[in-house]
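Student: I would like to go through the labels used for this model and ask what each one rests on.
Tutor: Go ahead, and we will set each value against its cut-off.

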Amino acid sequence: MTTGTVPGGSFTLPGTSMTVNRMGFGAMQLAGPEVWGPPRDLEGARAVLREAVASGVNHIDTSDYYGPHVTNHLIKQTLHPYPDDMVIVSKLGARRGEDKSWIPALSRQELIDGVHDNLRNLGLDILDVVNHRVGGFIAPTEGSIEAPLTVLAELKRQGLIRHLGLSNVSPGQLAEAQTITEIVCVQNMYNVAHRSDDDFIDDLGKQGIAYVPFFPLGGFTPIQSSKLDAAAASLQATPMQLALAWLLHRSPNILLIPGTSSIKHLRENLKAATLELSSEMIAELDSIGGTAGQ
Ligand SMILES: NC(=O)c1ccc[n+]([C@@H]2O[C@H](COP(=O)([O-])OP(=O)(O)OC[C@H]3O[C@@H](n4cnc5c(N)ncnc54)[C@H](OP(=O)(O)O)[C@@H]3O)[C@@H](O)[C@H]2O)c1
């Protein structure tokens, strides 16, 4: 069985046979408050996953450090066996402390254990894509990623990972990574109001590499912008829908993984891909970057 098509078109990860609909789903919001423990509404969380897939979503972003393990368990319990074209992207490079903190986990053993945890918790023999997550909470920190990425490249050669991506990296770190292994996607923070990666996105586009923004709606601090609000109202859309539509228009290599625990918001987000933006509106939205608060 395969999933259907959602508006927004599709994208094939470079050098792979993995084609995903550009409108995907981020699973982080399905864990409990502060991305810790079970969801407040377990059946509601499972319903969101079911409806996402029934609506054509075939790209789900997750991590074993959401919960920890909660979102991966939910995905397995709800969606396994997965549709043939489903691409589940996980992340390695951090773990959670007992105090709910986010702690780097980049040693050889932590990465090996992390791959096996993900395989078990997702019910897979091979992980489709693993993003190597480095850097600070929302921004990259310069420095070599050779040692941990070499471990992940080894695990890929062993057949435990199909493809590798990077998360929270600089262009220099991408260039270093590409001397070690092929990179199919980059996941950094980016949205209509936070546009530090504009040049990076264009460069990745030229290389055919997917750019998957995290916090596409602003994450823990939803995007606030009177320009976005006014433009959305003129289209009879919500500001969050327009923020997603703008990302789809920004570049064909951008794939979306908005996160929600709400069926209503999921439906709104999927519908965002049907919005048509005039060039005047795109210019108006372009002017938000760097001025709206984050
Ligand atoms: N690589 C990384 O370091 C990293 C970091 C953060 C996140 N991620 C990934 O990126 C995905 C997306 O990021 P995110 O979920 O943190 O942030 P986001 O998608 O920017 O925003 C999620 C927030 O927006 C709300 N929301 C979603 N749809 C909405 C709508 N239509 N109207 C109003 N509010 C809406 C959600 O609340 P409701 O639940 O109430 O809808 C939630 O509070 C995550 O799920 C995760 O997979 C990766």
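Student: Which residues of β5 point one way and which the other?
Tutor: In this predicted model, Val87, Val89 and Lys91 point one way from β5, while Ile88, Ser90 and Leu92 point the other way. Residues on both sides are buried.

Student: Why is strand β5 called largely enclosed?
Tutor: A residue counts as buried if 20 or more other C-beta atoms lie within 10 Å of its own. In β5, residues 87-92, 6 of the 6 residues are buried, so the strand is largely enclosed by the rest of the structure.

Student: What makes β4 and β5 a pair?
Tutor: The cut-off for pairing is at least two bridges found by DSSP. β4 (residues 59-61) and β5 have 3 bridges, in the parallel sense, so they pair by that rule. Asp61 stands opposite Val89 in β5.

Student: What makes β3 and β11 edge strands?
Tutor: The open sheet has 7 strands in the order β3-β4-β5-β8-β9-β10-β11, with parallel pairing. β3 (25-26) and β11 (210-211) each pair on one side only. For β3 the partner is β4, over 2 bridges in the parallel sense, with Phe25 opposite Ile60.

Student: How do you know that the buried residues of α7 lie on the same side?
Tutor: The buried residues of α7 (residues 226-234) are Leu228, Ala231 and Ala232. They cover an arc of only 100 degrees around the axis, which puts them on the same side of α7. The face turned away from that side carries the exposed residues Ser226, Ala230, Ala233 and Ser234.

Student: What do the buried residues of α7 pack against?
Tutor: They pack against α8 (239-250) and α10 (279-286). Leu228 also appears with Ala210 and Ala243 among the residues with the most contacts inside the largest nonpolar core, which has 86 residues. The largest share of this core, 8 residues, comes from α8.

Student: Which residues is Ala210 in contact with, leaving aside its neighbours within four places in sequence?
Tutor: They are Phe11, Leu13, Val184, Cys185, Asn253 and Leu255. Contact here requires C-beta atoms within 7 Å.

Student: Why is Gln236 called exposed?
Tutor: The limit for exposed is 12 or fewer other C-beta atoms within 10 Å. Gln236 has 8 C-beta neighbours inside 10 Å, so it counts as exposed. Gln236 lies in the loop between α7 and α8 and has a positive phi of about 55 degrees although it is not a glycine.

Student: What makes Glu34 exposed?
Tutor: Glu34 has 9 other C-beta atoms within 10 Å, and is therefore exposed. Its place is in the loop between β3 and α1 (42-54), and its phi is positive, about 60 degrees.

Student: Why is Phe200 called partly exposed?
Tutor: Partly exposed is the class between 12 or fewer, which is exposed, and 20 or more, which is buried. Phe200 has 18 other C-beta atoms within 10 Å, so it is partly exposed. Phe200 belongs to helix α6 (residues 198-207).

Student: Where are there cis peptide bonds before a proline?
Tutor: One joins Gly67 and Pro68, with omega about -15 degrees; Pro68 is in the loop between β4 and α2 (70-79). Another runs from His80 to Pro81, with omega near 0 degrees, and Pro81 is in the loop between α2 and β5.

Terms used. Residues are numbered from 1 along each chain as its sequence is written. This is a predicted model: local features need pLDDT of at least 70, side-chain atom pairs count only at pLDDT 80 or more; totals for chains, interfaces and linings use all residues. Helices (H or I, at least four residues) and strands (E, at least two) are DSSP runs, numbered from the N terminus. The arc is that of the directions from the helix axis to the C-beta atoms. Two residues are in contact if their C-beta atoms, placed from the backbone, lie within 7 Å. A nonpolar core is a set of buried Ala, Val, Leu, Ile, Met, Phe, Trp, Tyr and Cys residues joined through C-beta atoms within 7 Å.
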